[in-house]
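Please open the structure in your viewer and keep the sequence panel beside it, since each stop on this tour begins with something to select.

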Amino acid sequence: CKFVWVGDGFDPDNDLAFSIYLNREIEFAGLGDDFIFLEHQKNLDTIFSITDVFCLASRMDPFPNVVIDALSHDLHVACFDHGSGSAEFLKRHKANASVVDFVDTYEMANSITQYLNQKDKKEGVNLKILKEHLDFDKYVNYLDKLIDQSVAFKAHAQKITNELLKSGHFDAEFCGGEGDAEEKCRRYVEYGLKGIHFYNPKIGFSEIDWLSKHSPNNPYIVPLYEAIKQENIETHPVITLPTQTIHKPKIKYAVHLHLYYIDMADYFARYFANLAKGYDLYITVVKKESIAKVKDAFNACGASHIEIVAVENIGRDIGPLIFSLKQQILDKGYEVIGHFHSKKSLDLESGGGDKWLNYLMDILIGDQTNAQDVLNIFQQDDKVGLVFPEDRNTTDMGENKAFVAELCSHLSLPVPTQTPIFPMGNMFWARVRAIKELFSLDADTVLQPEPLPYDGSYMHAIERITPLLTEKNGYKYTTIYKKGMAWK
């Protein structure tokens with residue numbers, strides 16, 4: 001037997017990390033004449049013409065062309081199971097091959113040896129498989145069909161794009177992305193036809209919500225296009241700011257800030273200074289020694305009463321509100337509570353977390369006029385129970401389904417099949433009566449130890465059920481939006 005390795009890499013004169021040791025073992029075993037290492041070859045036909053077995057040593061490879069070349073020479077192929085797509089193909093079609101357990105080199109050697117020693121070499125088997133399943137003419141015909149499908153897809157997508165742009169309902173600025181309005185709209189359409197729903201196409205229209213109600217089993221559509229045909233293009237109420245209100249709010253309200261990152265105290269103090277004076281401010285921190293420093297940072301923010309509470313680092317931002325501040329919020333007659341936290345989305349690309357936080361704060365508070373507008377929403381409509389920012393990004397139930405179902409059972413809420421429209425980032429203004437049952441949740445059940453997973457927890461579930469709870473209590477929710485703003 002002769003072993004021929006084809007490809008660059010074996011260089012015992014210069015490679016002191018591996019090649020020199022391999023070369024020594026070959027010589028020590030007296031196999032110098034039996035191992036041949038060739039450099040990269042442009043064509044393997046000559047080598048394959050004198051070969052009995054092709055061994056694919058790859059541990060991770062999709063379906064290398066060299067396997068097809070080996071089959072075209074009717075060679076026995078040896079490879080590792082789960083190491084390449086070739087293994088699946090060879091097993092499925094009962095090829096003349098040795099597919100051994102992953103990285104079991106002893107089994108690989110035994111299988112090759114057994115094949116070389118057996119009389120029946122199964123000649124013609126691999127050639128037949130090649131002609132039936134890897135014929136190049138069939139491959140080209142398949143590509144032709146794909147091209148025809150792609151051309152038809154592009155034409156269909158362009159037709160829908162033209163109609164959406166003509167309708168005036170697609171908001172390119174809100175949906176975002178690269179390019180002009182037509183490019184943004186075409187991208188939205190093509191994604192939808194492929195079953196991908198990343199972004200909402202206009203304010204007041206949620207892709208995920210519309211699909212769950214109108215097309216739960218077929219995501220391969222363009223929701224806004226279908227909604228226009230049904231003459232129903234709103235999935236939820238949205239208020240565009242500014243509202244031009246002139247009266248200062250006269251509601252009794254409090255603000256909660258979970259300040260995990262103490263270095264962000266001044267950032268929030270600047271925003272809170274724009275709120276109508278006379279509110280009560282509750283700040284939760286995770287270190288007692290930071291209380292004095294935090295209090296100094298908020299002394300001039302306009303709050304009538306400031307209370308800073310040290311809490312355990314558990315329950316993220318919502319846990320401190322509904323458990324550590326339960327008595328303060330429920331017993332002091334507040335009509336509305338604002339919930340904020342020092343969000344740093346470290347998983348987002350550089351600067352993404354800051355943009356998201358700025359977006360949320362600029363809409364929920366912003367300048368004095370904006371802050372007045374937001375709080376007046378509750379004063380002007382006593383049925384509004386929850387206000388949170390409109391978001392162009394979509395999100396699904398993720399890993400939270402079981403947690404949502406359990407909370408819904410506890411709170412007597414209908415279990416949603418898909419994630420409701422909810423305050424992404426979990427910052428909002430809420431009428432206390434609209435969310436009062438959150439304060440009845442059992443801390444021993446919902447407070448999970450840190451670190452929480454990226455997705456899938458009671459904390460993520462609480463975010464998603466807050467609008468459902470609002471509606472159950474006879475109130476409604478609305479999103480708010482400032483034209484020209486989008487965090488991503």
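The tour below follows a predicted model from one selection to the next.

**First stop: a strand pair and its crossover**

Begin by selecting strand S1, residues 3-6, together with strand S2, residues 35-38, which pair in the parallel sense over four bridges. If you show side chains here, you will find Trp5 standing opposite Phe37 in S2. Now add helix H1, residues 19-28, through which the chain crosses on its way from S1 to S2, and note that this β-α-β crossover is right-handed.

**Second stop: two cis peptide bonds**

Select Leu241 and Pro242 next, and look at the peptide bond that joins them, which is cis with omega at about 0 degrees. Pro242 is found in the loop between strand S6 (238-241) and strand S7 (253-258). Then move to Glu450 and Pro451, where a cis peptide bond is again present and omega is about 0 degrees; Pro451 has its place in the loop between H19 and H20. These bonds deserve a pause, because most peptide bonds are trans.

**Third stop: two residues with positive phi**

Which sign does phi take at Lys94, a residue other than glycine? The value is positive, near 50 degrees, and Lys94 is found in the loop between helix H4 (85-92) and strand S5 (97-100). Asn426, also a residue other than glycine, has a positive phi near 55 degrees, and selecting Asn426 takes you to the loop between helix H18 (401-410) and S12. With a surface displayed, compare their settings: Lys94 is exposed, with a relative accessible area of 69%, whereas Asn426 is buried, with a relative accessible area of 2%.

**Fourth stop: the two sides of helix H18**

Stay with H18 and select Val404, Leu407 and Cys408, which are buried. If you turn the view to look down the axis of H18, the buried residues fall within an arc of 100 degrees, so they line one face of the helix. On the other side of H18, select Ala402 and Ser409, which are exposed. As background to this view, an α-helix has 3.6 residues a turn, so residues three or four places apart point the same way.

**Fifth stop: salt bridges between separate parts of the chain**

Side chains of opposite charge can pair when their charged atoms come close. The count in this model comes to twelve salt bridges, and the tour visits some of them.

Select Glu190 and Lys154, whose side chains meet in a salt bridge with an N to O distance of 2.9 Å. The pair links distant parts of the chain, with Glu190 in helix H9 (residues 181-193) and Lys154 in helix H7 (residues 136-167), 36 residues apart. Is each partner buried or exposed? Glu190 is buried, at a relative accessible area of 12%, while Lys154 counts as partly exposed at 43% relative accessibility.

Move on to Glu173 and Lys483, which form a salt bridge whose closest N and O atoms are 3.6 Å apart. Glu173 lies in helix H8 (residues 172-175) and Lys483 in the segment after strand S13 (476-482), so the pair ties together parts that are 310 residues apart in sequence. Glu173 counts as partly exposed at 43% relative accessibility, and Lys483 is exposed, with a relative accessible area of 63%.

Then select Lys472 and Glu437, another salt bridge, with the closest N and O atoms 3.7 Å apart. This pair, too, links distant parts of the chain: Lys472 is in helix H20 (residues 458-472), and Glu437 is in the loop between strand S12 (428-431) and helix H19 (443-446), 35 residues apart. Here Lys472 is partly exposed, with a relative accessible area of 40%, whereas Glu437 is buried, with a relative accessible area of 15%.

**Last stop: a nonpolar surface patch**

For the final selection, take Phe136, Tyr139, Val140, Tyr142, Leu143 and Leu146, and switch on the surface; these residues form a nonpolar patch there, with about 580 Å² of accessible area together. Leu143, one of the residues in the patch, has its place in helix H7, the helix that also holds Lys154 from the salt bridge with Glu190. At 34% relative accessibility, Leu143 counts as partly exposed.

Key
Residues numbered from 1 in each chain as written. Predicted model: local features only at pLDDT ≥ 70, side-chain atom pairs only at ≥ 80, totals over all residues. Heavy atoms only, no water. Salt bridge = Lys/Arg side-chain N within 4 Å of Asp/Glu carboxyl O. Buried < 20%, exposed > 50% of the residue type's maximum accessible area, 1.4 Å probe, protein only. Patch = residues over 30% accessible without salt bridge, like charges linked within 9 Å, V, L, I, M, F, W, Y side chains within 5 Å. Areas by Shrake-Rupley, 256 points an atom, 1.4 Å probe, with all protein chains shown as cover. Pairing = 2+ DSSP bridges. Right-handed = clockwise from strand over helix to strand, strands pointing away. Arc of directions from axis to C-beta.
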